[in-house]
Amino acid sequence: MNRIIKYVIIDILKNKIVVAYTIMLAVLSWSAFSLEDSSTKGMLTLLNIILLTVPLVSILFTTIYIYNSAEFIELLLSQPIARKKIWFSLFIGLSMSFIVSFIIGAGIPLLIYAPINTGVMMLLLGVIISVVFISIAFLSSITTRDKAKGIGMSIMLWLYFCLLFDGIVLFLLFQFSDYPIEKIMVIITALSPVDLARILILLHLDVSAMLGYTGAIFKDFFGTTLGFLISLCLLCLWFIVPYWISLVRFRKKDL
Amino acid sequence: MNRFFYIVFLFFLVHNVLGKTIVVGKGQPYTKIKTAVHVASPGDSIIVLKGVYKEGNIVIDKPLSLVGKNLPILDGQKKYEVLSVKSNNVTIDGFVIQRSSVATLDDPGGIKVYNSNYVVIQNCILEDNFFGIYIQYGKHCIIRNNKIKAYGIEEQQIGNGIHCWKSDSLLIIGNKVDGHRDGIYFEFVTGSTIWRNIANNNIRYGLHFMFSNDDAYICNVFKNNGAGVAVMFTKNVKMYNNYFSENWGDAAYGLLLKEISDSYIVGNHFENNTTGIFMEGTSRIIAEKNSIKQNGWGMKIQASCMDNTIKKNNFIANTFDISTNGTLVLNTFDNNYWDKYEGYDLNKDKIGDLPYHPLSLFSVIVEKNPPAMLLFRSFMVTLLDKSEKIIPSLTPDNFIDNSPLMRPLLL
């Protein structure tokens, strides 16, 4: 298994896209922190990177990568290796390269410039978001054999989580503004990993506002250790469940 | 010879003015403060030596100087009001006054001044009292350099640190109030100055003004109080160079202004509050040269405010700079520095060429629909905000700073 992971990582490195992604992250985050006079604005730029760029790059690259390595997978399947192992190695290889590039690209400036709590939190969430979208890409690429359809599905999912979901939530908020919906809203955020990550970071960035009358509800939930652990677990579910479904499908798939 | 008589005459004069000195303490002619007060004649000094005095309620009903040496302790045993001042020209200096009784009907205090003028209370430490220092119908009183501490948990079970009622021309200088209901409370107090006090960790407000006109508070620090500082139903108050910080919570404000007019807010620092300044029903206020930094909401100006001028302030790193609850804008914003301003300055006069709309669309949305805070900083909301900045449709378009500064003021 280790050998397969090694091959996957070497292959990804040869591809150079992940290297370019690392450099892009580094340029963006270093410039964000050094151009602005306060670190808050730099952190806001990084927040947007975590919420938009990281999901987009990881979901698209992974989907295309899996489609392109169809032959490699078929070759591996002809060897006496369990399907579970092959799929898992692919997942680990991709996740590792994205995690490392996020840590090198964005993590170092974050740890240098941002306050330590916020920095570590953003680093952790960036890593989790990368893995979540890799695992969603696994799911969408196993769902259909058609490459165009698969990539399209990935883009749609990215759009949904990063844009449409917030739009729907905003719409619901206004439709049901006469009802006490704060608690339900907390539950609804759990339906999107991007929103969960955003709120956890907001509690560090805009702590004064989050203590206001509405924020207090979120603060009471997400701000406590228990709430934080629950949201971390939810985020972990967001990469475990899609990966697991994709694994089940991969094992049954007739290649 | 003449000179000698002069000196003798002066000596007697001074002696008469100073009065005589009575020493109270262990092994002294008097061991109780009460008896010393009883035998003293007006103008005398009573020096109290170190020790613990549990004498119940001590009433000072003649002009005396009560001076503690090495901080003698007056203990109310949770049964009595400790010191009651019922005479003009009383000085109380250097005592530890602790454990007054608790009663909501007659509000006992560590030191309570009844209808008296020219009372000086200084260098005392008041601990665990219901009210700390209570002045009713006092004029020209000075409260100076006291440390007042209580351990209140609930609002209704603890009094205020320094409570002034129907008084005039008070000076409250250099006191430290901690853990009371309100740090300093003014009701119907006029012409008074509050200077260089520190009010931290009080359950309700650090400073609470009601119906108190023509007062000034200068260079005070209000930190981590339940709901910040409240100035209500008042006119002509001067607020200079104070620090309002870390007033966090549901209804917590750095400074809460309600029904107040003709006042000045100059050179204050508002940092890390849920809301920096909250204005409701205020008029003709000038807020100038304040630093408003890292608050959830820099200023909340309700639509009931009019003719206020907000100029030359720094708004830095607030989640929302300004928020309001209506579309009516009768206030002027001018020459402020906004760190969210994205305009340019072609003629290099350090004033931005484009006007700045300090009211973001999302702050209006959150005001109307608070749970929307959940979506803050999401891409969707950022998009909405940007488009609103370019073409204001939902936010009032006269909510505007026509000459925003390009660089922060040095405050």
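Select strands S19 (residues 184–190) and S22 (residues 207–210) of chain B: the two run parallel and are joined by 4 bridges. Strands here are DSSP runs of E with at least two residues, helices are runs of H or I with at least four residues, and both are numbered from the N terminus. Two strands count as paired if DSSP finds at least two bridges between them. Within this pair, the bridge partner of Ile184(B) is Leu207(B) in S22(B).

The model is predicted: local features need pLDDT of at least 70 and side-chain atom pairs count only at pLDDT 80 or more, whereas totals for chains, interfaces and linings use all residues. Residues are numbered from 1 along each chain as its sequence is written, while chains are lettered from A and ligands numbered from 1 in the order in which they are written.

**Along the sheet of chain B**

Next, add strand S25 (residues 228–235) of chain B, which pairs with S22(B) in the parallel sense over 4 bridges. Here His208(B) stands opposite Ala230(B) in S25(B).

Then select strand S13 (residues 131–136) and strand S16 (residues 162–168) of chain B, another parallel pairing over 4 bridges. Tyr134(B) stands opposite His163(B) in S16(B).

Now display the whole sheet. It is open, has 12 strands with parallel pairing, and follows the order S4-S7-S10-S13-S16-S19-S22-S25-S28-S31-S34-S37 in chain B. Its edge strands are S4 (58–60) and S37 (320–323) of chain B, each pairing on one side only. From one strand to the next, the twist averages 10°; axes for such angles are lines fitted to C-alpha atoms, for helices over the stretch in contact, and angles run from 0 to 180 degrees between N-to-C directions.

**The N-terminal strands of chain B**

Move to strand S1 (residues 21–24) of chain B, which pairs with S2(B) in the parallel sense over 4 bridges. Val23(B) stands opposite Ile47(B) in S2(B). Between these strands the chain crosses from S1(B) through helix H2 (residues 33–39) of chain B to S2(B), a right-handed β-α-β crossover. Right-handed signifies that, with the strands pointing away from the viewer, the path from the first strand over the helix to the second runs clockwise.

Show the side chains of S2 (residues 45–48) of chain B. Ile46(B) and Val48(B) point to one face and are buried, while Ser45(B) and Ile47(B) point to the other and are not. A residue is buried if 20 or more other C-beta atoms lie within 10 Å of its own, exposed if 12 or fewer, and partly exposed in between, with C-beta atoms placed from the backbone. S2(B) also pairs in the parallel sense with strand S5 (residues 65–68) of chain B, over 4 bridges. There the bridge partner of Val48(B) is Gly68(B) in S5(B).

**Two loop residues with positive phi**

Select Glu246(B), in the loop between strand S27 (243–245) and strand S28 (253–261) of chain B. Its phi is near 55°, a positive value in a residue other than glycine. Glu246(B) is partly exposed, with 19 other C-beta atoms within 10 Å.

Continue to Lys289(B), in the loop between strand S32 (286–288) and strand S33 (291–293) of chain B. Phi of Lys289(B) is likewise positive, near 55°, in a residue other than glycine. Lys289(B) is partly exposed, with 17 other C-beta atoms within 10 Å.

**Chain B as a whole**

Zoom out to the full chain. Its secondary structure comes to 4 helices and 39 strands. The C-alpha atoms of chain B fill a box of roughly 90 × 55 × 30 Å along the principal axes. Of its 411 residues, 45% count as buried.

**Across to chain A**

Select the contact between the chains, which takes 31 residues from chain A and 25 residues from chain B. Two residues are in contact if their C-beta atoms, placed from the backbone, lie within 7 Å. On the side of chain A that touches chain B, H7(A) gives the most, with 8 residues.

Finish on two helices of chain A. Helix H6 (residues 116–143) of chain A has 28 residues and reaches 41 Å from its first C-alpha to its last, close to the 40 Å expected at 1.5 Å a residue. The expected span is 1.5 Å times one less than the number of residues. H6(A) is mostly covered, with 22 of its 28 residues buried.

Helix H12 (residues 225–252) of chain A has 28 residues and reaches 40 Å from its first C-alpha to its last. Among the buried residues of H12(A) are Leu235(A), Trp238(A), Phe239(A) and Tyr243(A).
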